[in-house]
Amino acid sequence: MNELAPPSGAETGAEPALAPALPRLLNRERAILAFNRRVLAQAQRADVPLLERLRYVCIVSSNLDEFFEVRFADVLEAHREGGAGFSTRDLQSVAVEAHRLIDDQYAVFNDEVMPALQRAGIVILNHADRDAAQRRWVDGFFQRQVRPLLVPIGLDPSHPFPMVANKSLNFIARLSGRDAFGRANGIAIVKVPRVLPRVIRLPDELAPGQQAFVLLTSVIRAHLGELFPGREVEAFSQFRVTRDSDLEVDEDDVTNLRQALRTGLTTRHFGQALRLEVVKSCPAELYEFLLQQFDLPEAALYKVNGPVNLVRLNQLIDQADESAASVALRFPVHEPAWPRAVLPREGSVFAALRERDVLLHHPFESFEPVVQFLREAVADPDVLAIRQTIYRTGSESPLMEALIEAARRGKEVMAVVELKARFDEEANINWAERLEAVGAQVVYGIVGLKTHAKLLLVTRREGEQLRRYAHLSTGNYNPKTARMYTDVGYLTADPDLTGDAEAVFQQLASQTRTRPMRAFLQAPFTLHRRIGQLIERVGAAARAGRPARIVAKVNALTDLQLIEKLVRAAQAGASIDLIVRGACQLPPGLPGATERIRVRSVVGRFLEHTRVLYFRWGEREEDEVLYLSSADWMSRNMFRRIEIAWPVRDAALRQRVIDECLVPYLHDRLDAWTLLPDGQYERAGSDGPGAQQALLQRYAG
């Protein structure tokens with residue numbers, strides 16, 4: 001395809017040299033932090049609406065929480081156990097970069113975003129900024145809504161340091177004088193209940209012409225002395241601890257995985273401490289005391305110049321007015337388009353699929369056709385069975401409600417519920433219990449493997465035959481995230497695709513061998529091997545002087561074997577473009593090794609989530625293939641998950657995927673970043689066009 005021709009200036013067709021040694025790979029943890037730097041850069045862009053800039057600041061905090069809770073926790077454990085590749089020097093390097101990133105995040109928040117919001121009439125008032133009337137209102141709020149829920153804990157041998165939950169807000173105070181029992185215990189802890197709002201909006205009459213907010217931390221700080229009558233608060237600080245939050249369940253040693261995970265959810269908030277956050281003004285004696293209590297080294301201490309939990313400022317964004325002035329501070333409202341040309345709002349989805357496959361590009365196109373597909377199946381008396389994988393659907397889901405209704409109507413409903421979908425375990429357990437209560441067959445996949453494939457299969461009686469219809473997706477069955485993540489959904493009645501979907505469900509339920517797949521590539525069986533073979537085929541074509549091209553769009557590239565094959569194919573002369581949103585360990589552009597590989601990352605309004613794999617190894621039409629996939633190019637996806645990739649065989653749909661999911665991203669000069677050989681990123685441009693903006697315009701009409 002000419003549209004996927006290598007960019008001008010890229011080396012192609014040159015005589016390949018003898019393959020040198022593989023380059024040193026980039027550090028995965030630093031690559032994750034580098035991604036968050038790109039997110040933070042969105043908060044610095046003047047062309048991004050102000051409330052959205054604040055949202056990017058919050059996203060960085062949320063991402064870093066998960067980084068410490070999961071990835072950094074795993075690295076520390078591997079380092080303690082002597083795992084290869086986790087040296088003390090690497091750990092120190094990651095810690096230094098994390099400190100630097102968080103310092104820069106607070107600088108952006110304090111010096112750029114908040115002053116700009118203040119100029120726009122949105123202010124956060126500290127105690128010193130509040131006038132007398134505002135202070136009276138805050139005092140009343142504290143006495144009515146906050147004070148009754150606070151129970152300070154004075155520490156002594158019979159009142160040991162309390163259990164502090166993961167990511168909870170707390171205060172530590174040093175007190176003078178003696179307590180009610182005449183003792184001079186000097187340290188107290190105040191745990192702030194999660195039920196209290198972290199951002200409180202002042203009544204409009206108290207801040208004419210402004211939208212004024214106060215933070216809960218400021219409210220408590222202003223009244224901290226009232227919690228200790230007869231004593232003086234000599235020093236204090238907010239603090240927050242981040243803990244290891246991965247649920248550890250030995251699947252081979254439990255009889256009921258759902259019950260074991262529900263039990264684990266109660267203790268998740270009290271895992272090993274990994275990071276301590278305090279305010280920048282926290283006295284050394286207080287943070288040293290906290291470090292001792294949490295058994296943390298000083299490198300795990302983060303002294304921040306502001307609230308210890310910026311994630312909660314999402315509440316400010318949610319409470320901001322919908323007035324014309326505030327609307328301008330948000331991205332323009334986007335209403336996803338309905339694919340009218342191929343799928344009418346009224347009428348049968350099944351009838352449309354008997355004519356052609358339907359490709360849905362979210363969030364530019366609506367997720368509602370998927371909901372309509374399932375609802376039609378529920379209402380249709382000729383539909384006999386519905387099967388679906390459930391990974392992340394959210395606590396409220398029209399799809400899950402439809403499955404429950406289908407079971408109530410007597411249809412054969414099978415749900416493969418992934419109980420180990422990180423941070424969605426509780427919601428999935430609840431759905432599993434509700435489905436079982438109405439007679440649906442619920443299975444939890446395969447021990448040791450997460451079911452990450454996104455499949456929905458409907459079996460319908462048509463005359464004397466049974467016909468299958470399927471929805472396949474690169475993303476989750478979650479209508480909310482379908483408005484924020486880029487993904488591709490595929491509705492089909494193709495016998496090969498639906499037959500393979502049937503085989504996957506049979507395999508997950510019975511755990512027996514199934515027939516070989518006709519179209520699917522499936523992890524942990526064929527996906528990794530087949531992708532490797534396709535890369536090698538492209539490399540062989542390059543050595544033979546034929547067109548040789550790879551374009552892959554994934555969220556992460558960390559699988560060492562696939563990286564090695566990509567490098568070898570590039571050394572053979574293949575032209576390779578990788579669009580990797582997050583962590584990429586392959587260093588591009590190294591002379592004699594990876595100069596034919598280009599890596600870019602696109603960070604924009606929507607979270608890039610689509611996985612598209614394109615391979616060409618000749619000039620004929622049959623010398624190219626394009627797959628959509630649920631899997632990233634990570635070892636966990638290839639070997640520790642149930643994943644699928646499926647070919648787009650229809651030429652028109654394949655061209656549409658190329659034109660919408662690949663070409664615009666290769667030419668993006670607004671939201672794209674280019675990976676340099678040393679692991680740093682630089683902007684690909686700032687003058688447009690942007691891929692997401694172009695797609696929004698395409699679907700606006």
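A polar contact, to begin with a term that I need straight away, is a pair of N or O atoms within 3.5 Å, where within protein one atom must be able to donate a hydrogen and the other to accept it, and where residues adjacent in sequence count only if both atoms are side-chain atoms. The side chains of R71 and E29 are joined by such a contact, at 2.5 Å.

Before going further, I should say that this is a predicted model, in which local features need pLDDT of at least 70 and side-chain atom pairs count only at pLDDT 80 or more, while totals for chains, interfaces and linings use all residues. Residues are numbered from 1 along each chain as its sequence is written, and side-chain values use heavy atoms, with hydrogens and water left out.

Where does R71 lie? R71 belongs to helix α2, residues 50-80; helices (H or I, at least four residues) and strands (E, at least two) are DSSP runs, numbered from the N terminus. R71 counts as buried because its relative accessibility is 18%, where buried means under 20% relative accessible area, exposed over 50%, and partly exposed in between, using a 1.4 Å probe and protein chains only.

Let me turn to strand β17, residues 485-492, which is mostly covered, with seven of its eight residues buried. Two strands are said to pair if DSSP finds at least two bridges between them. Strand β10, residues 358-362, pairs with β17 in the antiparallel sense over five bridges, and in that pairing V358 stands opposite L491. Strand β16, residues 465-473, also runs antiparallel to β17 and is joined to it by four bridges, with L472 having Y490 as its bridge partner. Strand β22, residues 607-608, by contrast runs parallel to β17, with two bridges between them, and here T486 is placed opposite E608.

If we follow the chain on from β10, we come to a loop between β10 and α11 that holds P363, and the peptide bond from H362 to P363 is cis, with omega near 0°. Is helix α11, residues 368-379, enclosed or open? Nine of its twelve residues are buried, so α11 is largely enclosed by the rest of the structure; among the buried ones are V370, F373, L374 and V378. Its end C-alpha atoms are 16 Å apart, which agrees with the 16 Å that twelve residues should span at 1.5 Å a residue, the expected span being 1.5 Å times one less than the number of residues.

A second sheet deserves a look, an open one of six strands in the order β2-β4-β3-β7-β8-β9, with mixed pairing. The strands at its edges are β2 (153-154) and β9 (301-304), and because each has a single partner strand, one side of each is left without a neighbour in the sheet. Four bridges join β9 to β8 in the parallel sense, and V279 stands opposite V304.

Two loops beside these edge strands hold residues with a positive phi. K167, in the loop between β2 and β3, has a phi of about 65° although it is not a glycine, and K167 is partly exposed at 26% relative accessible area. D295, in the loop between α7 and β9, has a positive phi of about 55° and is not a glycine either, and D295 is exposed, at 69%.

Finally, we can ask about empty space. On a 1 Å grid over the protein atoms alone, a cavity is a set of points where a 1.4 Å probe fits but cannot get out, whereas a pocket is an open set with protein on both sides within 12 Å along at least five of seven lines, and lining residues have an atom within 4 Å of a point. Grid points are joined across faces, edges and corners, and a volume is the space filled by probe spheres set on the points.

How many cavities of 30 Å³ or more are there? The count comes to five, and the largest has a volume of about 140 Å³. This largest cavity is lined by 15 residues, with R198, T217, P307, N309 and R312 nearest its centre.

The second largest pocket has a volume of about 730 Å³. Of the 27 residues that line this pocket, N110, N126, L215, G306 and P307 are the closest to its centre, and the largest share of its lining, five residues, comes from α3.
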